[in-house]
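Work through the exercises below with the sequence and the model open. Each task is followed by its solution in steps.

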Amino acid sequence: MLVWSRSGRALVWALFALVFAPLVLAPLAILGIAAFAGDWNSVLPASWTSENIREATAGTNYDSLVVSIETALGASLIAIVVGTWAAIAARGAPRFVRRLTDAVFHLPVAVPSVVVGLGMLVAFSDGPILLNGTKWIVIAAHAVLVVTFAYSTVSAGLDRTDAAFAEVAASLGASPARVLLRVRLPMLLPSITAAASLAIALSMGEVGATIMVYPAEWRTLPVSIFTLTDRGKVLLGSAVTVVLLVATLVVLMVVGLLKGRVEERRRRR
Amino acid sequence: MTATLTEPPIATKPTSAPVRERRGRGGATRALWVLPPLVLAAGFFLYPLALVVKQSFVDKNENVGLDVWRDVLNSPSFGDALWNTVKIAVLSTLGCLVVGFFLALVLSFVPFPGSRAVSRIVDTVLAFPSFLIALAFTFLYGTAGVVNAAADKLGLGEPLVGFLYSPWCVVLAEITFYTPFVMRPLLAAFALVPRERLDVAASLGAGPLRVIRQVLLPEAWPALAAGGSLTLLLTLNEFGIVLFIGAKDVTTLPMLVHAKGAVTFDYPGACVVAVVEVALSLTLYTVYRFVFSRTGAGRAGLVA
Amino acid sequence: MTAPAIERTASAVASAAPTESAIGIQDLTVRYGSVTALEGLTLEVARGETVALLGPSGSGKSTALKAVAGFLRPAEGRITLAGRDVTYEPPNKRGIGVVVQNYALFPHMRVADNVAFGLRARRVPRAEVGRRVTEALDMVGMAGYARRYPRELSGGQQQRVAIARALAIRPPVLLLDEPLSALDATLRADLLGELQRLRGELPDVAIMYVTHDQTEALALADRIAVMRDARLVDLDATDRLYRRPPSEFTASFLGAANLLDARVLADCTAGDDAVRVAVGGLTVAADPTGAFAEGTRALLVARPHTLGVAEVDRADTLPARLVATQWRGADYRLTCVLEGDVEREIRIDVTDLAAVPALGERLGVALPAEPCVLVPAGAGG
């Protein structure tokens with residue numbers, strides 16, 4: 001519809017491939033190759049091995065994987081609860097309260113992750129709430145970083161759902177709590193699961209704030225990967241990265257399955 | 001979404017619900033419901049930020065003043081980092097805009113078998129951690145990397161000596177990672193352009209370049225502005241890519257915060273850099289929000 | 001307006017020598033993957049002629065237009081414009097004016113810039129652009145709106161601008177793809193009148209008009225091509241096609257005719273008058289559109305306004321039962337079910353309800369005095 005001749009289209013597609021392949025495909029492919037490379041000094045690895053993958057799922061790397069998953073789930077859960085609560089409550093609040101909530105919950109996207117980490121260090125190293133040195137400082141930092149995505153995804157979902165449903169339910173005599181639990185939250189389920197997936201994916205890959213605040217016994221996978229590559233163990237680092245990606249996909253799939261189960265149950269009711 | 005909308009969402013037993021009239025209570029009660037999340041946000045985000053600002057005026061010996069600021073701002077490493085940060089962010093954003101516009105244009109208007117799969121890949125990259133790209137680049141563009149090895153085999157020598165540790169490599173990595181952030185809103189905007197408009201423009205005698213310039217670009221401006229300012233914001237704050245490439249000469253403001261805060265434990269110095277960095281990105285963020293609120297494009301397409 | 005149109009038909013058809021062909025379509029086939037959207041269409045449109053492609057949705061009429069415009073690449077066949085083969089030429093080299101259903105105006109350009117778009121693409125000198133924009137807007141009565149943006153115009157006004165934009169490049173061929181479908185009934189009637197006037201002002205332009213609305217086709221076209229299931233069903237001069245539809249499908253689609261089951265009582269060919277056919281218990285005269293053998297099953301074409309209502313037991317009527325009455329302002333449309341082996345529903349338009357019985361009652365359906373057209377049963381359907 002834009003380029004009419006066959007030769008013109010072929011030229012455009014060739015250019016597309018020329019940009020897309022090295023820019024997007026090559027980096028993704030190369031990590032997969034590196035994860036299974038035994039010895040790599042030329043164009044392609046000289047030998048292949050699954051040793052790196054085995055090492056990436058054992059010992060300290062396994063511990064880091066568990067830490068990463070726990071951190072992602074914990075931080076995402078907090079972020080979803082707080083973000084959803086804020087988004088729904090802001091709807092009913094007076095205009096200026098709503099705008100204030102909007103501003104506060106959108107702000108973390110504008111603050112570099114290292115600064116969020118630094119703030120955590122400055123605020124929670126002493127005083128009434130002492131988090132530094134515990135896993136909670138990592139989880140708190142992650143929650144702050146992803147809450148903005150939870151808030152804006154749920155807000156966008158609220159924009160799309162029709163307020164009339166809740167009003168009809170209320171006019172039928174349902175209490176606000178019942179309207180919330182039986183009408184508004186179920187209708188927001190797709191947005192909430194989308195927000196959860198995004199939050200988990202971001203948290204699993206977070207490195208900036210984590211590297212500022214992590215205590216020795218709560219090292220997430222990205223930090224482990226950095227430590228490995230910093231020491232020159234790039235092939236093992238690639239293997240751990242592949243494990244991180246696979247783990248993220250698995251967690252996201254589980255979230256998707258849970259969502260399907262909830263919807264299924266509701267349909268049967 | 002549609003699945004939830006089509007089933008009756010009010011299939012509960014309305015008669016058993018106690019009839020309570022809460023409408024009259026007004027905004028005060030409803031405003032109270034916002035308090036818990038706001039208090040949490042204040043405690044874990046605003047309060048630490050405020051402390052960062054406060055700390056930047058207190059030196060290691062607990063003296064209040066502008067000494068730390070003077071020291072940091074006068075140090076050459078700060079000037080380099082500031083210049084590097086801005087330079088890398090601006091170049092990366094420009095690159096993302098050009099590449100993203102081209103890729104989105106082809107995916108939308110010159111589709112090919114498999115273009116949907118390509119869109120999927122682009123969506124997936126959005127959820128990946130950025131350091132992954134940097135790690136891949138060390139294999140691709142390192143001195144012993146694939147590109148050099150391939151060029152050597154072809155008798156071209158080793159063209160990429162030192163490229164990995166140059167700012168250009170960081171720029172290329174950030175273009176790779178952030179191009180999808182420009183493409184998402186663009187693809188959404190292009191999806192709204194009726195195909196007939198392009199057909200009719202062509203029938204009136206306009207070639208592809210004229211159609212792009214006069215028919216598509218005006219439609220794409222809001223998405224380009226929103227995607228571009230978000231990318232600029234994110235590249236200013238990018239940390240993972242720079243950290244993983246690990247070039248000694250390429251220090252950015254977030255790297256400086258990390259070095260001062262987590263390596264040498266110079267909290268006041270780290271706080272000064274942090275305040276500058278936050279001021280920089282907040283200014284940009286305000287511009288972004290302004291553009292976004294004017295156009296309505298962008299954010300919803302990026303996040304949802 | 002219909003009377004002069006018919007006169008012009010005669011002259012246009014007479015002058016349709018090969019050199020005068022503005023659009024030539026030969027054996028055109030268009031496929032989307034495994035779906036054939038258009039199959040073997042052959043059609044000529046002469047200079048100054050209006051041909052309507054009429055058919056239900058999915059009949060391939062829009063596909064044909066898009067192929068002529070160059071928006072689609074045909075799988076087979078040839079398209080010529082004034083004798084020049086353009087089958088694989090891009091649309092921007094064809095010089096055709098195209099108007100589509102949703103106007104497709106450029107929303108960020110003022111009306112004047114929309115109209116000037118094609119001229120600027122052709123690098124027409126600046127001074128002339130202004131003159132021709134004014135001229136084109138004058139033609140559609142939109143001269144006062146040059147500084148407006150499309151969103152500030154009504155649907156009808158937007159479509160006028162779209163027409164002006166297509167005309168500004170002075171195309172020898174104008175393609176209109178359902179141009180009135182997005183408008184409400186009143187605007188549609190207004191703009192239809194406007195199109196008739198424009199037709200008169202553009203004596204040399206060949207127009208291909210795609211529509212599913214027979215009123216538009218009847219009002220504008222010199223010839224009508226009836227399409228169905230990706231194929232051309234019938235093609236003829238407008239009045240001839242209306243009066244003597246050669247197929248069951250055309251008869252019912254163009255003018256919503258009733259089709260009555262009939263049995264041919266004697267061998268006949270097209271043009272024979274007063275062929276005897278049996279309809280229900282009656283024997284009536286019919287006007288055959290083709291050759292029929294004695295004993296063949298065929299269909300008698302009777303337009304709703306040519307049928308009448310009489311007492312139920314009158315000898316020259318078909319017995320039926322009234323199932324619905326609809327007041328349509330100028331007349332009443334009655335829906336009846338014929339009694340007989342096959343219960344066929346027929347529609348009758350009457351201006352007076354005095355002779356009409358109550359709903360559910362029986363009545364007699366009187367056939368017109370003139371012989372009805374006889375078409376083959378099942379052809380095209």
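## Exercise 1: Positive phi in chain C

C:Asp27 belongs to strand E1 (residues 21-32) of chain C. The model is a predicted one.

Task: State the phi of C:Asp27, then treat C:Tyr103 in the same way and decide whether C:Tyr103 is buried or exposed.

Solution.
Step 1. The phi of C:Asp27 is near 50°, a positive value in a residue other than glycine. Most residues other than glycine have a negative phi.
Step 2. C:Tyr103 also has a positive phi, near 65°, and is likewise not a glycine. Its place is the loop between E6 and H3 of chain C.
Step 3. Buried means under 20% relative accessible area. C:Tyr103 has 11% relative accessibility and therefore counts as buried.
Step 4. A further positive phi, of about 60°, is found at C:Arg123, just after H3(C).

## Exercise 2: The six-stranded sheet

Task: Give the strand order of the open sheet of six strands in chain C and find which strands stand at its edges.

Solution.
Step 1. The order is E6-E7-E8-E3-E9-E10 (chain C), and the pairing is mixed.
Step 2. Strand E6 (97-99) and strand E10 (231-237) of chain C each have a single partner strand, so they stand at the edges with one side lacking a neighbour in the sheet.
Step 3. On average, neighbouring strands of this sheet are turned by 15° against each other, direction ignored.
Step 4. Within the order, take E3 (residues 50-54) and E8 (residues 206-211) of chain C: five bridges join them in the parallel sense. At C:Ala52, the bridge partner in E8(C) is C:Tyr209.
Step 5. For the annotation, UniProt (unreviewed entry) places "domain: ABC transporter" at residues 23-254 of chain C. Over that range the chain is 36% helix and 27% strand, with the end C-alpha atoms 24 Å apart.

## Exercise 3: Helix H3 and the contact with chain B

Task: Explain why helix H3 (residues 111-121) of chain C can be called largely enclosed, and describe the contact between chain C and chain B.

Solution.
Step 1. Eight of the 11 residues of H3(C) are buried, so the rest of the structure largely encloses this helix. Among them are C:Val111, C:Asn114, C:Phe117 and C:Leu119.
Step 2. The packing partners of these buried residues come from two chains: helix H9 (195-203) and helix H10 (208-236) of chain B, and helix H4 (126-139) and helix H5 (155-168) of chain C.
Step 3. Chain C brings 22 residues to the contact and chain B brings 17 residues.
Step 4. About 1700 Å² is buried between chain C and chain B, with 65% of this given by carbon and sulfur atoms. C:Asn92, C:His108 and C:Phe117 supply 30% of the area that chain C buries against chain B, more than any other three residues.
Step 5. C:Phe117 thus appears twice, as a buried residue of H3(C) and as one of the three residues that supply this 30%.

## Exercise 4: Confidence

Task: Identify where in chain C confidence is lowest and where it is highest, and which stretches of chain B have pLDDT under 50.

Solution.
Step 1. Chain C has a mean pLDDT of 89, and 94% of its residues reach 70 or more.
Step 2. In chain C, the lowest confidence is in helix H1 (residues 2-14), at a mean of 42, and the highest is in E3(C), at 97. Residues 1-19 of chain C stay under 50.
Step 3. For chain B the mean is 82, and 87% of its residues reach 70 or more. Its pLDDT stays under 50 over residues 1-24 and over residues 296-304.
Step 4. Where pLDDT is low, the predicted coordinates should not be read in detail.

Terms used:
Residues are numbered from 1 along each chain as its sequence is written. Chains are lettered from A and ligands numbered from 1 in the order in which they are written. This is a predicted model: local features need pLDDT of at least 70, side-chain atom pairs count only at pLDDT 80 or more; totals for chains, interfaces and linings use all residues. Side-chain values use heavy atoms; hydrogens and water are left out. UniProt positions are given in the numbering used here, feature names are shortened, and annotations may be inferred rather than shown by experiment. Helices (H or I, at least four residues) and strands (E, at least two) are DSSP runs, numbered from the N terminus. Two strands pair if DSSP finds at least two bridges between them. Axes are lines fitted to C-alpha atoms, for helices over the stretch in contact, and angles run from 0 to 180 degrees between N-to-C directions. Buried means under 20% relative accessible area, exposed over 50%, partly exposed in between (1.4 Å probe, protein chains only). Contact means heavy atoms within 4.5 Å. pLDDT is the predictor's confidence in each residue, from 0 to 100. Buried area is the accessible area (1.4 Å probe) that two parts lose on being put together, summed over both.
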